[in-house]
Amino acid sequence: MSENNSIKEVEKITGVTRRNMRFYEKEGLLAPKRNDENGYRVYDENDIWRIKVIKMLRMLDMPLEEIKSILEEEQLLGEAVVRQQAELERKAKELHAAISFCEKLKGAELETLDVEECLMDIERTGPEGFFMEWVKDYKRVVAANQDMDFTFVPDRSE
């Protein structure tokens, strides 16, 4: 392998798209050198290794911020993986609850569905359950809209 691989070559080697590599660069996870003549990115062995590490950890659904802190040696890989495993186990429980609820709904007809009873069943799963994601979505929408609210009252003291 060459020390001056193009983004196209690295895409073939790693299976990571050019778009993703550019995004990782923008997020500070990669810093490939540039060709002095044309300004194109050139990737060396270390860049390719970093891309493969990023790919592996993203396949575990690890957030980019965590991956960046691992690559920058701000935290140990093992510590981050333990946290990610716990997060994946939490998500697995949420998915199991959702799958169980789907089983209950399989034979139901929309016209005769007791939606109130279904909602109570969902709420009984608790605030940590899969079904509370909509509450988090609502809170994010409210927060985003709050930032967008703008009122103007002219000063009429003249």
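Here is a short walk through a predicted model, from a helix to a strand and then to two loop residues.

Let's begin with helix α5, which covers residues 77–105. With 29 residues at 1.5 Å a residue, α5 should span 42 Å, and its end C-alpha atoms lie 41 Å apart, so the expected and computed spans agree. The buried residues of this helix are A80, Q84, E94, A98 and F101. An α-helix has 3.6 residues a turn, so residues three or four places apart point the same way. A98 is worth a closer look: its relative accessibility is 11%, and because buried means under 20%, A98 counts as buried. Although A98 and I122 are separated by 24 residues in sequence, their C-alpha atoms are 9.0 Å apart in space.

Next, turn to strand β2, made of residues 41–42, where you will find R41. The R41 side chain makes a polar contact with the side chain of E25, at 2.5 Å. Leaving aside residues up to four places away in sequence, R41 touches N5, S6, I7, R22, E25, P32, K33 and R34.

Finally, have a look at the backbone in two loops. Most residues other than glycine have a negative phi. D61, which is not a glycine, has a positive phi of about 65 degrees. D61 sits in the loop between α3 (45–59) and α4 (64–71), and its relative accessible area of 35% makes it partly exposed. E73, in the loop between α4 and α5, is also a residue other than glycine with a positive phi, near 60 degrees. With a relative accessible area of 71%, E73 is exposed.

Note on methods. Residues are numbered from 1 along each chain as its sequence is written. This is a predicted model: local features need pLDDT of at least 70, side-chain atom pairs count only at pLDDT 80 or more; totals for chains, interfaces and linings use all residues. Side-chain values use heavy atoms; hydrogens and water are left out. Helices (H or I, at least four residues) and strands (E, at least two) are DSSP runs, numbered from the N terminus. Buried means under 20% relative accessible area, exposed over 50%, partly exposed in between (1.4 Å probe, protein chains only). A polar contact is a pair of N or O atoms within 3.5 Å; within protein, one must be able to donate a hydrogen and the other to accept it, and residues adjacent in sequence count only if both atoms are side-chain atoms. Contact means heavy atoms within 4.5 Å. The expected span of a helix is 1.5 Å times one less than its number of residues.
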